[in-house]
Amino acid sequence: MSLPDQLLRKLGAVLEKMLLDDENITTRNIIGHLPEMFRHPTDITRPPGIRELYLSAKERQQNIRRAAAKLKDSKNTLSAKIETQAKKIASLEADLQLLVASHKAMYAAVGEVGALKAWLAFFERHQDSLDALTRLKAVPTRSSPKEIKP
């Protein structure tokens with residue numbers, strides 16, 4: 001292996017480490033890692049093979065950082081959506097509790113005025129609705145609506 005190939009491999013290894021450590025890839029930082037190879041920034045930017053390796057690593061770092069920023073934005077966006085949906089679910093659950101309580105009160109009021117048979121007659125044609133109300137516990141439990149005949 002020739003000396004320039006060894007130097008390029010050593011530079012490549014340093015650039016990979018800098019990428020993994022998310023250290024800014026600049027000529028001055030490379031010189032800091034390899035003072036025995038380079039003394040001036042132009043020692044990196046002038047020779048075509050070295051410059052190509054340097055620019056390639058710099059571009060890879062920019063692409064990695066862009067992708068990481070997108071992931072971070074995506075994670076923040078997802079967290080915000082989850083929080084919004086959780087608030088919406090809590091609001092809908094509160095609305096459901098209110099409607100169930102209101103329905104129970106209406107059921108009791110209809111029963112007091114003696115119109116429970118008419119109310120149940122309506123639900124004979126809509127048994128699926130009556131089943132849903134029972135499942136939601138929106139009908140008082142002391143007597144099951146199915147037991148009451150119109």
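Visitor: Which residues touch the most other members in the largest nonpolar core?

Guide: In this predicted model, they are Leu11, Leu15, Ile25, Ile30, Leu34, Phe38 and Ile44, out of 15 residues in that core. Helix 1 (3-20), helix 2 (27-33) and helix 4 (48-112) each give two or more residues to the core, and helix 1 gives the most, with 5 residues.

Visitor: What makes these residues a nonpolar core?

Guide: The term requires buried residues of nonpolar kinds, such as Leu, Ile and Phe, joined through side-chain atoms within 4.5 Å. Buried here means under 20% relative accessible area.

Visitor: Which residues is Leu15 in contact with, leaving aside its neighbours within four places in sequence?

Guide: Leu15 is in contact with Ile25, Ile30, Leu53, Tyr54 and Ala57. Another core, of 11 residues, lies apart from the largest one and includes Trp119, Phe123, Leu130 and Leu133.

Visitor: How do you know whether the protein chain is a compact globule or not, and what is its radius of gyration?

Guide: A compact globule of 150 residues would have a radius of gyration near 15 Å. The protein chain has 37 Å, so by the rule of 2.2 Å times the number of residues to the power 0.38 it does not fit a compact globule. Its C-alpha atoms fill a box of roughly 100 × 25 × 20 Å along the principal axes.

Visitor: What share of the residues counts as buried?

Guide: Of the 150 residues, 21% do.

Visitor: What is the secondary structure of the protein chain?

Guide: The chain has 6 helices and 0 strands, in the order α-α-α-α-α-α.

Conventions
Residues are numbered from 1 along each chain as its sequence is written. This is a predicted model: local features need pLDDT of at least 70, side-chain atom pairs count only at pLDDT 80 or more; totals for chains, interfaces and linings use all residues. Side-chain values use heavy atoms; hydrogens and water are left out. Helices (H or I, at least four residues) and strands (E, at least two) are DSSP runs, numbered from the N terminus. Buried means under 20% relative accessible area, exposed over 50%, partly exposed in between (1.4 Å probe, protein chains only). Contact means heavy atoms within 4.5 Å.
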